[in-house]
Amino acid sequence: MQTNFRPEQLRESSVRASEKVLRTCVHCGFCTATCPTYLLLGDELDSPRGRIYLIKSMLEQNSTPTADVVKHIDRCLSCLSCMTTCPSGVDYMHLVDHARAYIEKTYVRSTSDRFLRWVLAKILPYPARFRALMPLATVVRPLRGLIRRVPSVGPRLHAMLEIASGMPARAPTNVVSSGPKRKRVAILTGCAEPVLRPAYNGAARRLLDRLGVAVVDMADEGCCGAIVHHLGKERDALGFARRNVDAWTPEIDRGLDAIIITASGCGTTVKDYGFMLRNDPVYAEKAKKVSALAKDITEFLVSLGSLEPTRPGGFVVAYHSACSMQHGQQIRAEPKSLLEQAGFIVKDVPEGHICCGSAGTYNVLQPEIAVRLRDRKISNIAKTEPQIIATGNVGCAVQLASGTSVPVVHTVELIDWATGGPAPEALHHLLACHELATGERGADART
């Protein structure tokens, strides 16, 4: 693709990076076949190729984008399926990230849109604030039908209630470390996950402890920055990244084997810290080290060797590969291999490369498209006739759970259970029914 940037524009690092990406695109259109929004809407401007043209024009002209341009870029899920499909290696992720930051700086959104985005940026990345919102969500949830009919913001508020009402009933139990340790890691606590699904990191800690891995507590780390990054709030995103780099660097200097991440959306972002902070003379090298050590929990578990399950398997599991896992991090075989080693019967989901519609805050900002994608995903999952749905991303788990009665759990929860840990809370009903149907005792499995 030919570009027409002026020399003074190319002095800016972000423009130079985007121009390089634009020149890589050869207009082939392979990306349209795997783009969820193009699949649903059939509009070329809602495909990666169409958005690339819009972004190119917007950046070259260095002008305020029109409402129509913003609409089509806002509809992008950043699922990155197009990057997996692209034969030319177009780095669409960094291009659309730049476009969002540019829009945030130059475009004036409606009052309701600005307010909603402000709320998302000021609540979700902060666990204490997010947790404080939960009781309010529970109180007003019975009114969700009425709320949904409020003009303009109703569907979005309804979507926020669906997410907030997904908070678990119980907090995870503490992990008491025991036995010798062969490796030393940190685990990203994150922001939304400790509120919505605190059991995920609890399962990871138990499992790692049994496998001889010491987990270092990191008091000063926080949100990875993905939420505000995808909202185009570049300064806030870099602030979160720097905070985490500062928190992890002293432990890296003492000897850290990995930074473990149980939310694949966060993993994609942390692995990109080196790029995000490439122009910061203080943080550039430290950020590269952080990104190099960042590992999805399944990616790290595979490096430890084969699992030794202690409980009989046989449950049918539909594995939903989060977009940030299979496209963002190119991790595909590891989670399924671990589940199979743990004794589960793993089923691939038809159209597994298509997004479930969660995509960070997308299911709040674009609820109509998100629901259509969720229902399409649930329908495809149902074709595998699973007893359990497993995934590696908290956003996907909440999104899927809102549309199905099949229990949705994290991959690491199943592996932890199969190798000696407690059963995930979401499986208690399934196990009780299994006990009644088979006569097998389920008490041991639920401890």
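**Entry 1: pairing and the sheet**

I begin with a term: two strands are said to pair if DSSP finds at least two bridges between them. I note also that the model before me is predicted.

With that term in hand, I looked up an open sheet of four strands. I recorded its order as S2-S1-S3-S4, and the pairing as parallel. Which strands form the edges? I found strand S2 (213-216) and strand S4 (294-296) there, each of which pairs on one side only. I then looked up how neighbouring strands of this sheet are turned against each other, and the average is 40°, with direction ignored.

**Entry 2: strands S1 and S2**

I turned to strand S1, which covers residues 183-187. How many bridges join S1 to S2? I noted four, and the two strands run parallel. As one example of a bridge, I looked up Val185, whose partner in S2 is Val215.

**Entry 3: helices on the sheet**

I next asked which strands helix H14 touches. Helix H14 (residues 234-255) packs on the sheet and touches S1, S2 and strand S3 (258-261). I recorded an angle of about 170° between the direction of helix H14 and that of S1.

Helix H17 (residues 284-293) also packs on the sheet, where I found it touching S3 and S4. The direction of helix H17 makes about 20° with that of S4.

**Entry 4: cysteines**

I reminded myself that a disulfide is a covalent bond between the sulfur atoms of two cysteines. How many disulfides does the structure hold? I found zero.

I checked Cys28, which is in no disulfide. The cysteine sulfur nearest to that of Cys28 belongs to Cys86 and is 5.7 Å away. The cut-off for a disulfide is 2.5 Å between the sulfur atoms, so the pair does not count as one. Is Cys28 buried or partly exposed? I recorded a relative accessible area of 35%, and Cys28 is partly exposed.

I then checked Cys82, which is likewise in no disulfide. For Cys82, the nearest cysteine sulfur is that of Cys31, at 6.2 Å. With a relative accessible area of 7%, Cys82 is buried.

**Entry 5: the whole chain**

Finally, I looked up values for the protein chain, which has 26 helices and eight strands. Of its 447 residues, 54% count as buried. I recorded an accessible surface of about 19300 Å², with 55% of it belonging to carbon and sulfur atoms.

I also looked up contacts between residues at least 6 apart in sequence, and 73% of these join residues at least 24 apart.

How values were computed
Residues numbered from 1 in each chain as written. Predicted model: local features only at pLDDT ≥ 70, side-chain atom pairs only at ≥ 80, totals over all residues. Heavy atoms only, no water. Axes fitted to C-alpha atoms, helices over the stretch in contact; angles between N-to-C directions. Contact = heavy atoms within 4.5 Å. Buried < 20%, exposed > 50% of the residue type's maximum accessible area, 1.4 Å probe, protein only. Areas by Shrake-Rupley, 256 points an atom, 1.4 Å probe, with all protein chains shown as cover.
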